[in-house]
Amino acid sequence: MRTTVGIIGGGPAGLLLARLLHAEGVDCVVLESRTREYVEQRQRAGILEQGTVDALRDCGAGTRMDAEGLVHEGIELRFDRQRHRIDFPSLTGGRSVMVYAQTEVVKDLVALQLADGPPLLFEAQAIAVEKPESDRPVVRFTHRGREQTLECEYVIGCDGFHGIARAAVPAAVRRTYERAYPYSWLGILADVPPSCEELIYARGERGFALNSMRSPTVSRLYLQVPNGTDPADWPDDRIWDELDARFAVDGDWSLERGPVTAKSVTPMRSYVTEPMRYGRILLAGDAAHIVPPTGAKGLNLAVSDVRIMARAFAELRRTGSAALLDAYSDDCLRRVWQATRFSYEMTTMLHTDPEAQAFEGRVQLARLHRIAASGAAAAELAANYTGLPLG
Ligand code: FAD
Ligand code: DHB
């Protein structure tokens, strides 16, 4: 097979890139190792920044999101048994976020791609990228048990953290920056209407908790747990009791309980690989960087990478200039490091570090009190949460 742009991975990054390139008349092929059912059910992120919402609308994938997504104009910070609301529109000049699950974004993009898009092959597993420094890089992959090749002008690695594309950048060129955190998230989905209108980020001596949602009838909740936690050690009653304790406030508030339909543990890590381009291979999304989930930046960062990349391919096609493609890695990494910083700050401000001294806990509270007391500090949080400009 031959194409202009070979995309490895049919997650949010690969699928959206295919739509954006299609709209610009650039042909491409998407190779996805899993089945359609698997990628459409994989539970992950739920909060879309304004820029992500705009990008999905612009490529025709906004209809169901606009009908079913929930616009959120703020979040609540909970600490010292007190509640503090951050109002996004007044602090950011009118910006907000959308609650719409990654599973639904993927379903919408897959449906569009299969209806009128360039090829999207499921159960097509890339094995290696060859000759990335040449004008005709090649992806070797297996599809339906047969080994095949995809000859491209450019190869895009959108194959997530465990993919193979990153390894095509020679070790001598590649630099990685990494931090592991001494805690994980236990996440549940529950068939119960959310007990809050907006997300609650709660810090307390027992650890962090997050109250989120997927729809008016489905709640999504997270608890900080030690690394290595087995979800089997957390029967449903234990989870609800712990959530109750961590969200407790002075005044009137209660947590509604309901049937738990999914339960999983996610470790937390920051990871950035540089550069994001080598020769004719470009990396995007989790293939190049991972953030801890606090602040909901992972999916949004994957989307901004491919928006920057699509703009570069559009310029190449319209004017013949590769200037934006040459700037791709630097343009993305500036934004990636801002999101990495924000996710790190949110994570370390809200979680209880089992290895830290009491001093750190006091500094966390001082940071939270500062956000509650200062419009400038709250505006900084709101600007980052709703998404920094693409640049
Ligand atoms: P992915 O979604 O990982 O997609 C990569 C795709 O490539 C996959 O479909 C995979 O099957 C495919 N692939 C892999 N290898 C190959 C190969 N060799 N050949 C072909 N295809 C291949 N972010 C948030 O903002 N909030 C959250 O709550 C949150 N929760 C998360 C929970 C978990 C368990 C994980 C892993 C991530 C979570 N994230 C969250 C992060 C967010 O979901 C990711 O940042 C986002 O999915 C990145 O999209 P992507 O397209 O870059 O990568
Ligand atoms: C969700 C995940 C996050 O990491 C976050 O900061 C907010 C919401 C969610 O899955 O709903």
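Domain bounds here come from an automatic or database domain assignment. The model is predicted.

**Exercise 1. State how the chain is divided, and describe the contact between the parts.**

Solution.
- Step 1: Take the bounds. Domain 1 covers 5-71 + 97-178 + 269-348, and domain 2 covers 181-267 + 355-386.
- Step 2: Place the centres. The C-alpha centres of domain 1 and domain 2 are 29 Å apart.
- Step 3: Count the contacts. In domain 1, 13 residues are in contact with 13 residues of domain 2.
- Step 4: Find the elements on the domain 1 side. Strand S7 (97-99) and helix H9 (323-350) each supply at least two residues of the side that touches domain 2.
- Step 5: Sort that side of domain 1 by class. It has six nonpolar, five polar and two charged residues.

**Exercise 2. Locate ligand 2 relative to the two domains.**

Solution.
- Step 1: List the shell. Ala45, Gly46, Ile47, Leu199, Leu210, Ser212, Arg220, Pro293, Thr294, Gly295 and Ala296 surround ligand 2.
- Step 2: Sort the shell around ligand 2. Six residues are nonpolar, four are polar and one is charged.
- Step 3: Assign the shell to domains. Domain 1 and domain 2 both give residues to it, so ligand 2 lies between them.

**Exercise 3. Describe the largest nonpolar core and place it.**

Solution.
- Step 1: Give its size. The largest nonpolar core has 110 residues.
- Step 2: Name the residues with the most contacts inside it. They are Ile7, Leu16, Leu17, Ile156, Ala284, Val306 and Met309.
- Step 3: Find the main contributor. Helix H8 (residues 298-319) gives the largest share of this core, 10 residues.
- Step 4: Place the core. Both domain 1 and domain 2 give residues to it, so this core lies between them.
- Step 5: Recall the general trend. In soluble globular proteins, nonpolar side chains tend to be buried together.
- Step 6: Look at one member, Ile7. Leaving out residues up to four places away in sequence, Ile7 touches Gly14, Leu17, Ala18, Cys28, Val29, Val30, Ile156 and Cys158.

**Exercise 4. Trace the six-stranded sheet and one of its strand pairs.**

Solution.
- Step 1: Write the order. The sheet is open, with six strands in the order S8-S2-S1-S12-S19-S18. Its pairing is mixed.
- Step 2: Find the edges. Strand S8 (120-121) and strand S18 (277-278) each pair on one side only.
- Step 3: Pick a pair. Strand S1 (residues 5-8) runs parallel to strand S2 (residues 28-31), with four bridges between them.
- Step 4: Name one bridge. Val5 has Cys28 as its bridge partner in S2.

Notes:
Residues numbered from 1 in each chain as written. Chains lettered and ligands numbered in written order. Predicted model: local features only at pLDDT ≥ 70, side-chain atom pairs only at ≥ 80, totals over all residues. Core = buried A, V, L, I, M, F, W, Y, C linked by C-beta atoms within 7 Å. Buried ≥ 20, exposed ≤ 12 C-beta atoms within 10 Å, placed from the backbone. Contact = placed C-beta atoms within 7 Å. Near = placed C-beta within 6 Å. Nonpolar A, V, L, I, M, F, W, Y, C, P; charged D, E, K, R; others polar. Pairing = 2+ DSSP bridges.
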